[in-house]
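Subject: Structure for you, with notes

Hi,

Here is the structure I promised to pass on. Have a look at it first, and my notes follow underneath.

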Amino acid sequence: MTNDNLTPEVNEVTQTVDRVESAATETAATPAKDLKKKKKKKKYTVEEILAEGGIDPNAVDDNGRKRKVKVRTKSKLKRREARMGYFFILPWLIGTLSLLAAPMITTLYWSFNDIKVMPAKGVWNRQYMGLAQYKETLSIYQDFPTDLASLLVRLTLSVPVVVVFALLMAMLLNMKLKGKGIFRTIYFLPVIVVSGPVMAQISSESGRIDAVDLTTITAMIQGALPRFIATPVISIFEQIIMILWYGGVQILIFLAALQKINPSLYEAAKIDGGSGWECFWKITLPTIRPMILLNAIYTVVFLSADETSNAIITYLAGFMTTPRGGYSRTSALGWMYSIIILVFIGLVALVLMEKRDIYAKQAAKRKKFEKRTRKNLAKSQKHLEKNNKKYAKHLAKQEARKKSGKKLKGGEPFDD
Amino acid sequence: MTKKRKLTAEEKEILARGKRKSGINKEKVRKFLLGSREKYGFIKTFLAYAVLIAIGFVFMYPILKMISTSFMSLDDLLNGSITWLPSKFQTSNYKDALNAMDYWKALKDSLMIAGIPTLIQVVVCGVVGYGFARFNFFGKKLCIGILILAFVLPQQILITPTYVVYSQLGLTNSLLAYIVPALLGQGIKAPIFILIYMSFYRQIPQSLVEAASIDGAGYFKSFFKIAIPSATGAMIVVLLFSFVWYWNESYLTNLYITGRRSEYTTIITSLSKFDSSFDAYANSSSAGSSSSSASINEAYRMAGTVLSVLPLMILYFIMQRYFVESIDNAGITGE
């Protein structure tokens with residue numbers, strides 16, 4: 001957009017540069033110098049590149065220095081769009097400022113201070129601790145690094161498994177099968193069960209959710225494989241049931257996204273001879289790509305906040321009431337943990353983020369190029385200016401020498 | 001049935017051709033197993049059913065167990081040989097559980113406590129998600145970061161200061177404690193709903209939005225005419241999840257709404273104090289009629305749990321039909 005606006009003004013830039021050059025030609029009289037100048041002009045092929053990219057002539061002054069002009073970077077449209085964006089997120093913004101900010105800042109404040117909560121007095125501050133609080137928290141909860149490492153390993157292993165499993169299930173549920181409604185209802189069960197009282201009822205009975213008796217399978221694995229392989233494989237098998245239960249939400253999200261895909265796309269692809277495999281990679285996957293990121297984030301958050309399977313959260317919940325813990329150290333632990341999980345989510349997002357639109361990429365490239373060219377131009381213009389001055393000096397010197405006759409040195413410049 | 005009419009020679013010829021080919025040949029077997037353009041093959045269908053049933057069984061298992069236990073009498077429970085089928089279906093378990101939980105009142109309250117914030121969340125998160133998905137503005141990345149941070153922060157450390165804020169604003173001990181946060185995009189698990197909407201809006205082809213704006217559609221028009229119809233799936237998903245999560249939330253409901261003044265009772269909170277309320281009910285009823293000598297057992301608990309899950313199942317069974325309907329709507333908006 002900006003390029004289009006600026007292209008007619010590119011001529012002005014060339015004019016400005018011409019002016020500088022004509023100033024140079026005025027002073028340059030001898031053909032030898034002309035040649036020199038031409039050489040310099042060759043450097044100005046940047047001009048031609050610039051004509052393509054477009055450059056704001058106001059940004060560079062006659063001497064080629066970057067003028068300190070505040071360039072308006074945002075167009076009217078962009079500002080209007082930004083305004084609409086704020087308008088749409090306004091409810092959330094108000095909610096965050098009024099309901100969320102205070103608790104968040106409070107816990108952050110607590111985490112840096114030693115806080116005592118007394119039933120009679122309410123909250124009172126004993127002393128400022130700063131980062132020492134965090135250090136102390138870590139020294140109390142010495143297993144934190146190992147627990148965290150095992151959690152991160154678990155996350156990196158189980159997030160892809162959960163997401164792929166959910167996608168497969170969603171695709172199966174999306175097929176035209178008989179009894180689709182019943183299947184879909186059954187696959188909704190995990191959503192209800194995992195978050196609700198059923199979980200407590202079931203797990204109070206048998207300790208954990210078990211459907212298939214795994215002992216025979218584990219015995220077989222132990223017999224067939226060496227121990228160092230068998231142990232993780234068995235743990236994976238034991239986890240599979242849990243992974244199935246944790247996939248309910250993700251299945252539903254994928255299912256909803258799959259149903260949005262226009263069936264005529266598949267028909268067209270099939271007519272063109274595309275196989276189901278190709279259809280999956282070329283149609284299904286690109287369309288549901290945002291959902292993959294979404295589900296990965298959800299899985300990370302869910303697993304990192306799950307009280308039953310996460311040692312850190314279990315510790316955190318108990319830490320609050322212990323005399324060594326209390327509010328402030330629990331807050332410190334919670335914040336540390338959250339920041340690490342947030343960074344982990346950021347990494348997941350980086351891996352799964354949609355690749356930018358090719359046009360956006362081109363625009364960014366062009367912008368970068370423009371910036372570089374502008375810099376080069378300024379540099380070479382500065383150089384030119386310097387050379388011009390030098391040349392003028394040299395010319396004056398020569399003139400003086402001519403006037404002073406054949407004397408090599410000395411002699412009055414104006415002794416005629 | 002329509003009357004049989006005489007076949008023309010041409011039709012006879014076609015029929016004959018069909019008969020000739022009706023024998024089992026290689027082509028047909030292949031088509032049967034691997035499927036054609038119009039139909040899934042046998043192998044694919046079989047595998048799909050096998051996987052769906054196998055994993056469905058994993059999900060069904062605890063529910064089935066719960067249902068079968070809920071019909072058992074005390075003798076069946078104690079009898080080690082009976083694991084699945086009770087000797088006789090004791091439906092009185094359900095009757096007692098219904099009475100002990102004060103089910104119908106609790107159901108009404110639950111529907112209200114879960115339903116109203118859910119409907120608000122569906123709307124508000126839809127609007128906020130659109131703002132994040134469609135527009136670029138200063139601080140957007142920071143906002144999304146805060147959104148996710150609020151989701152990640154352990155609820156255990158946030159709950160106390162949040163309660164202080166809510167009670168200072170006078171929201172506690174009424175439905176407002178759920179309604180106001182939902183209105184402001186801070187309801188239960190609101191960040192994930194906003195993210196769901198965002199992902200669905202992102203699926204809208206940008207060219208469609210541009211075409212609409214060229215045709216003179218403003219921001220609001222393209223929101224209502226393009227974004228909302230293509231986010232039907234997101235709406236249903238958010239509705240379901242939000243309802244289930246509000247429904248199953250016993251801790252916060254107890255803290256904010258039903259805690260002090262027990263004007264409301266939800267099904268889940270009454271389930272959590274099922275044992276004591278059941279005893280109270282059993283005592284009162286046995287005082288009236290000496291015949292029932294019920295004391296709390298696993299069967300009653302399971303009956304109560306089944307009753308607490310049942311409305312959600314029914315809701316989902318109704319809603320999943322709209323899933324399919326969203327295809328047709330989306331088909332129009334597709335390119």
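Helices here are DSSP runs of H or I with at least four residues, numbered from the N terminus, and strands are runs of E with at least two. Bear in mind that this is a predicted model: local features need pLDDT of at least 70, side-chain atom pairs count only at pLDDT 80 or more, and totals for chains, interfaces and linings use all residues. Residues are numbered from 1 along each chain as its sequence is written, chains are lettered from A and ligands numbered from 1 in the order in which they are written, and side-chain values use heavy atoms, with hydrogens and water left out.

Salt bridges first. I call it a salt bridge when a side-chain nitrogen of Lys or Arg is within 4 Å of a carboxyl oxygen of Asp or Glu. On that rule there are four over all chains. For burial, I use under 20% relative accessible area for buried, over 50% for exposed and partly exposed in between (1.4 Å probe, protein chains only).

One of the pairs sits within helix α19 (residues 358–403) of chain A, where A:Arg374 and A:Glu370 are four residues apart and so separated by about one helical turn. Their closest N and O atoms are 3.5 Å apart. A:Arg374 is buried at 18% relative accessibility, and A:Glu370 is buried too, at 15%.

Chain B has a pair with that spacing as well: B:Lys105 and B:Asp109 lie four residues apart in helix α6, again about one helical turn. Here the N to O distance is 2.7 Å. What differs is the cover, with B:Lys105 partly exposed at 33% and B:Asp109 buried at 4%. As background, an α-helix has 3.6 residues a turn, so residues three or four places apart point the same way.

Which pair joins two chains? That would be B:Arg134 with A:Glu81, at 3.6 Å between the closest N and O atoms. B:Arg134 is in helix α6 (residues 103–134) of chain B and A:Glu81 is in helix α5 (residues 76–88) of chain A, so the bridge runs from one chain to the other. A:Glu81 is buried, with a relative accessible area of 18%.

Also worth a look is a positive surface patch made of A:Lys76, A:Arg79, A:Arg80 and A:Arg83. Patch residues have over 30% relative accessible area and no salt bridge, with like charges joined within 9 Å and nonpolar side chains within 5 Å. A:Arg80 belongs to helix α5 of chain A and is partly exposed at 39%.

Helix α13 (residues 248–260) of chain A checks out on length: at 1.5 Å a residue its 13 residues should span 18 Å, and the end C-alpha atoms are 19 Å apart, which agrees. The expected span is 1.5 Å times one less than the number of residues. This helix is mostly covered, 13 of its 13 residues being buried.

Two backbone oddities in chain B to finish. B:Asn173 has a positive phi of about 65° although it is not a glycine; B:Asn173 sits in the loop between α8 (155–168) and α9 (176–183) and is buried at 16%. B:Lys189, also not a glycine, has a positive phi near 55°. B:Lys189 is in the loop between α9 and α10 (190–202) and is partly exposed at 28%.

Cheers

How values were computed: Areas by Shrake-Rupley, 256 points an atom, 1.4 Å probe, with all protein chains shown as cover. Lys, Arg positive; Asp, Glu negative; His and termini not counted. Charge placed at Lys NZ, Arg CZ, Asp CG, Glu CD.
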